[in-house]
Amino acid sequence: MGGIADYTGSLVCEIPLDRAAAVALQSREDRNFQVFSFNLFDENKPFTFRIPLDALADSSFESLRNEFNQPGRKWAGYIAGCLAVLHRRSQIDLRNPALRGLNLALLSSVPMGAGVSSSAAIEVAAMINLMDHFQIHRDDPMVAASMCQEVENQIVGAPCGIMDQVSACAGEEGSLLRLICQPHELQPPLNLPGGIRVAGINSGVKHSVGGGMYGRTRCAAFMGHRMILEKMRELGLAAGATLQSDPMRGYLANLNPEDYKRLFRPFLPAEIDGKTFLAQYGPTIDSATAVDPDQTYHVLQACDHHVLEARRVRNFAQHLETAAGLPVDSRQRGLALDKAGHLMYASHLSYTNDALLGAAECDLLVKLVRDREAAGLYGAKITGGGSGGTVAVLSDISPRADAVLGEIIDIYERQSGHKSELFLGSSPGAWAVGTAEVTI
């Protein structure tokens, strides 16, 4: 829950799957960094890439982004970018002639394009292993996660928030990670009530956070923040006061939904072109997107999603906590789980209608879940960056629920023509797993 609202400061809740990315490092005698992907090798795609350490040290992030955007190279940016960020943050000195190169081999069981953080998984795996290899002290998983986010934002060019990287680093098996993204305040984990799980159904429709609509929706949300701040300034002057700072502290999640609907929503445009916005308001505060003068942005819908999603996630967490404190067979527990599940449905609908990141196949999966609630299913929603990927399902742990999830997959595959996949297990994040040195 929360999904794309991480970049507007929302509370987010995410659980790590029982899938992993693993890397193996080996020193070289020269000063090159070479990466190898077993997954791409098996798919007969470009599977290896080599770059000198000096090139990683001397190139700007923009030039590296252009380098990795060449056909068949983007995947390597998620890994080699970790070295560039470590250098930029003065954790290592890639210009040091005594520093030897590395071979890095990658194998991941996290499906790509499924909305389950495959890119964050390989970033975190590479970053933690590189930190341990270069004996960089690891005292805070949030630091590693923020460096991984920097790789994705600045070198790969995907304007993601930080929740996926934090979950891959610091997630706990069987619990929802809770993170207030302002910018990344880790909360105690949200324990699922006894007998309850979060399952995932991969729609088989690949999505990309680097896709155009994801970036436009993010940019539109920050445009809305800029417009609301200007309206706050106007309201203050009308009341004889001067706005000294941003009451939202840079995050739409801090805006009261009722104030938003009453005071600010009526003034937001359904659409505005980038040229008009820049002329009136200037750039936004977002470091990962820039307003394109030739693009049209759906500001009202983006703000609707982000402001209201923040409230949905808060209420979702409260309902799960309520359910966890009640007897398994109590009516009140069932009502609390139903409320949590219905907030998932509302979030899913908002992804489609407001964030414009829906997918017909995911709508079908959510409908199949909703039609079978009596079998121990409570709610479902599209996850991650939307536009395909995986649908999360809140369900009982029971043979009955297992059977109906299998039924849903069978019906979905027949009606959609897509091969699906069910995720049921969970595992700890990489910070707890750590690394190991092997002598061959």
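This report walks through a four-stranded sheet, the helices packed on it, and a few unusual backbone spots in a predicted model.

## Ground rules

The model is predicted, so local features need pLDDT of at least 70 and side-chain atom pairs pLDDT 80 or more, while totals for chains, interfaces and linings use all residues. Numbering starts from 1 along each chain as its sequence is written, and side-chain values use heavy atoms, leaving out hydrogens and water.

## The sheet

Let's start with an open sheet of four strands, in the order 2-5-3-4, with mixed pairing. Helices (H or I, at least four residues) and strands (E, at least two) are DSSP runs, numbered from the N terminus, and two strands pair if DSSP finds at least two bridges between them. At the edges sit strand 2 (21-27) and strand 4 (48-52), each pairing on one side only.

Strand 3 (residues 32-37) runs antiparallel to strand 4, with five bridges between them. Phe-36, for one, has Thr-48 in strand 4 as its bridge partner.

## Helices on the sheet

Helix 4 (residues 74-88) packs on the sheet and touches strand 3, strand 4 and strand 5 (102-108); contact here means heavy atoms within 4.5 Å. Its direction makes about 145° with that of strand 3. Axes are lines fitted to C-alpha atoms, for helices over the stretch in contact, and angles run from 0 to 180 degrees between N-to-C directions.

## Odd spots in the loops

Gln-182 and Pro-183 are joined by a cis peptide bond, with omega about 0°. Pro-183 belongs to the loop between strand 6 (175-180) and strand 7 (185-191).

Ser-90, in the loop between helix 4 and strand 5, has a positive phi near 60°.
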